[in-house]
Amino acid sequence: MAPVIYTSIPGRLDRLPWSVFHLKLVLALGITWVLDGLEVTLVGTMGAVLQRPDTLGLSGEEIGAAASAYVTGAVVGALFFGYLTDRLGRKRMFFLTLAIYLTGVLWSAFAWNGWSFALFRLLTGLGIGGEYAAINSAIDEWMPARLRGRVDLIVNGSFWIGAALGAGVTLVLFDWALIPAGLGWRFGFAFGAALGLVILGMRRYVPESPRWMIIHGKAGEAERLVAEIERQVERKTGRALPLVTTDLALDCHPALGFRPILGAVTGQYRRRGFLGLMLMTAQAFFYNSVFFTYSLVLVRFYGVEAEKAGLCVFPLALGNWMGPLLLGYFFDAVGRRRMIAGTFTAAGLLLGANSWAFACGLLSAREQILLWTVVFFLASAAASSAYLTVSEIFPLEIRALAIAFFYAVGTGLGGSVAPWLFGRLIEAGARSDLSLGYLIAAVLMLVAGVTEWIFGVDAENQGLETVAQPLSAAKQS
């Protein structure tokens, strides 16, 4: 029989006020998405550069293979490190995954041909995939319940700060008057590695999740850690924290096998599993279809010069960043179900209207960019809320693996099909064909919105253990 532990730590974490500790934790962990946005934008804009004979001289097929290697690495890394995050702890994994990510980015700067570049992109993807599971689970388990929604949305939305930063950096790196073409792309990867090294140093001060520690035989360490944070908060505020008298009874399980985990996902939480699958697949298809082909659309259908199309990332990135920033509060105040369903539905309806206007040729390039910016304002909040959903509606013991699984499946389904489909539609050159693709993405977003309304979980202002009872507590009579 596993020993039973009675703890008030989850309730004490949830009643903490926002403090310097929370700010440092969010910066040290959440800034990874800024780095990811920078990385994706840099690689996306250097495709043509890497085809030059004075760089790597890659073919279009080799560039595509490198992109596929990155996605494959992210999917495999998410599943592998997601499983290890639940077994070995959040802190170990967010150090290891960032180290792997940095290694891949740094070695990408020294690639010498197509296969070496693809190999290093695979390694980079392994790291970033693992980061999704380790970081989201750690942040959610530390955040007070009343703030968890807005913080999670802002953290995930910070990807677009990196995207804007990456677009700005490319203006310098790919200015041949300043930096030779053979070095600019290498400096880009080196810049990303340098930023990541700073983040790695910041993470030294981030402790392990007390919630994870409790069920892995480290209740004493968790108690001392939380007590010290409470003392720091009381010294800063000059006020005593309210007492928490409710204890949670848990079995101490150093490691759970696959049987109880699979039983939870396919049994008690199967409706939540369907919800997570729909939200993650819809947002992945949406972004991989609309955002990552926008420059091709502007050049092919609106006559925008290829050199200037990349600059259009700035208004789109602004819309993507401002959505979670301005709407995040309402996911806690108005509620998860209403806001998640509302943002998915509104983004789907607007994209449907865009599909019709695009097919009819009613929009100028500037009007199209403005409409996309508004669509992304809503869609970015929706996409971030999908990550929030899968990170809080499953039990503690399988939280990281759940994040990893739905990220991997969503990326595999939406992320692999959309670029291929829209690439063919754009090559066909007919507005009617491409508008049909937009309509498919819009319908998926609408279906996800309806699914959230039916199966959504009202997790706002609720402790994680209330939203999803730990598997280790299920045996308590």
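A pocket, in the sense I will use today, is an open set of grid points with protein on both sides within 12 Å along at least five of seven lines. With that in mind, and remembering throughout that this is a predicted model, let us begin with the second largest pocket, which has a volume of about 350 Å³. Its lining is made up of 16 residues, and those that lie nearest its centre are Ser19, Val20, Phe21, Lys24 and Gln232. If we ask which elements give two or more residues to this lining, we find α2 and α10, and I would like to take these two helices in turn.

Helix α10 runs over residues 219-237, which makes 19 residues, and from its first C-alpha to its last it reaches 27 Å, close to the 27 Å expected at 1.5 Å a residue. Its buried residues are Ala222, Val226, Ala227, Ile229, Glu230 and Val233. Why do they sit on the same side of α10? They cover an arc of only 165° around the axis, and this puts them on one and the same side of the helix. As a general reminder, an α-helix has 3.6 residues a turn, so residues three or four places apart point the same way. The face of α10 turned away from that buried side carries the exposed residues Arg224 and Arg235, while the buried residues pack against α1, α2, α5 and α9. Following the helix comes Gly238, whose phi is positive, near 75°.

Turning now to helix α2, I would like you to look at Asp36, which lies in it. Is Asp36 buried or exposed? Its relative accessibility is 3%, and because buried means under 20%, Asp36 counts as buried. Leaving aside its neighbours within four places in sequence, Asp36 is in contact with Tyr70, Tyr101, Ile128, Tyr132 and Phe159. Asp36 and Ile161, although 125 residues apart in sequence, are 9.8 Å apart in space, C-alpha to C-alpha.

Finally, let us move to the largest nonpolar core, which has 146 residues, and in which the residues with the most contacts are Phe286, Val297, Phe344, Trp372, Leu434 and Tyr438. The element that gives the most to this core is helix α17, residues 365-392, with 13 residues. To see one of these core residues in more detail, take Phe344, which, when its neighbours within four places in sequence are left aside, is in contact with a list of residues including Leu279, Ala282, Gln283, Ala382, Ser385 and Met445.

Methods: Residues are numbered from 1 along each chain as its sequence is written. This is a predicted model: local features need pLDDT of at least 70, side-chain atom pairs count only at pLDDT 80 or more; totals for chains, interfaces and linings use all residues. Side-chain values use heavy atoms; hydrogens and water are left out. A nonpolar core is a set of buried Ala, Val, Leu, Ile, Met, Phe, Trp, Tyr and Cys residues joined through side-chain atoms within 4.5 Å. Buried means under 20% relative accessible area, exposed over 50%, partly exposed in between (1.4 Å probe, protein chains only). Helices (H or I, at least four residues) and strands (E, at least two) are DSSP runs, numbered from the N terminus. Contact means heavy atoms within 4.5 Å. The expected span of a helix is 1.5 Å times one less than its number of residues. The arc is that of the directions from the helix axis to the C-beta atoms. On a 1 Å grid over the protein atoms alone, a cavity is a set of points where a 1.4 Å probe fits but cannot get out, and a pocket is an open set with protein on both sides within 12 Å along at least five of seven lines; lining residues have an atom within 4 Å of a point. Grid points are joined across faces, edges and corners, and a volume is the space filled by probe spheres set on the points.
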